[in-house]
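This report looks at a metal site and at a few residues chosen for their surroundings. Please keep the sequence and the model in view while reading.

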Amino acid sequence: MVQDIVIYPDKRLKQISKEVTEFNEELHSLLNDMYDTMLSKKGVGLAAIQIGVAKRALIINLPEDDSDDVIIKKEDTLEIINPIFITKEGSCKHQEGCLSIPGVYEDIERAEHIVLEYQDRYGKKKTIENNEFLAIAIQHEMDHLDGKVFIEKLSILKRKKFEKEWKKRNK
Ligand SMILES: [Zn+2]
């Protein structure tokens, strides 16, 4: 079911999400809701807190190419529960956006190469290694689990500019 997205500066986005301990029906229905919501907003990633649930769960579904008519398949969705970085190295800059801050796109610096340990929806331990856009998307979504949003990574000047424009837009 499609849920409402929590929009910045809603305080819930500052919450530190809790570790998932039960890999049950409730978790699966949360993940399914997250998928429906992400798809309805044409997003590529979503953390549970963005639909108001403070659990360490995120999903990512990157389209294979940039054309508009790519078909997003549910089975291609990466479901990441209780993620922990094993390696984070190098640096790169990419443009990021966020469903909780719609219409805002900024270049953000992130680690280039990551190794991540996580659990799937059944609690099975997995590892992923990446140095492409997936690595950026994972870092973006993991920030949400720790109560952070990407614009917090901007310079003070750019952040002030953003806050001013955001207030104006949401009057
Ligand atoms: Zn986001």
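A residue is called buried when its relative accessible area is under 20%, and exposed when that value is over 50%. In this predicted model, His 144 has a relative accessible area of 1%, so it counts as buried.

His 144 also takes part in the metal site, where the zinc ion is coordinated through the SG atom of Cys 98 and the NE2 atoms of His 140 and His 144, at 2.0 to 2.3 Å. Along the chain these donor residues follow the spacing C-x41-H-x3-H. Distant parts of the chain are linked in this way, since Cys 98 lies in the loop between strand 4 (92-96) and strand 5 (106-110), while His 144, 46 residues apart from Cys 98, belongs to helix 2 (residues 133-145). Cys 98 is buried as well, because its relative accessibility is 9%.

Ser 17, found in the segment before helix 1 (25-40), makes contact with His 144 and Leu 145, and also with Ile 49, Ala 54, Lys 55 and Arg 56, when residues up to four places away in sequence are left out.

Lys 171 is placed in the segment after helix 3 (156-169). Although Lys 171 and Ile 51 are 120 residues apart in sequence, the C-alpha to C-alpha separation between them is 23 Å.

The accessibility values of these residues are listed below.

| Residue | Relative accessibility | Class |
|---|---|---|
| Cys 98 | 9% | buried |
| His 144 | 1% | buried |
| Ser 17 | 4% | buried |
| Lys 171 | 88% | exposed |

Definitions and conventions: Residues numbered from 1 in each chain as written. Predicted model: local features only at pLDDT ≥ 70, side-chain atom pairs only at ≥ 80, totals over all residues. Heavy atoms only, no water. Donors = N, O, S within 2.8 Å, 3.2 Å for Na, K, Ca; no water. Helix = DSSP H or I, 4+ residues; strand = E, 2+ residues; numbered from the N terminus. Buried < 20%, exposed > 50% of the residue type's maximum accessible area, 1.4 Å probe, protein only. Contact = heavy atoms within 4.5 Å.
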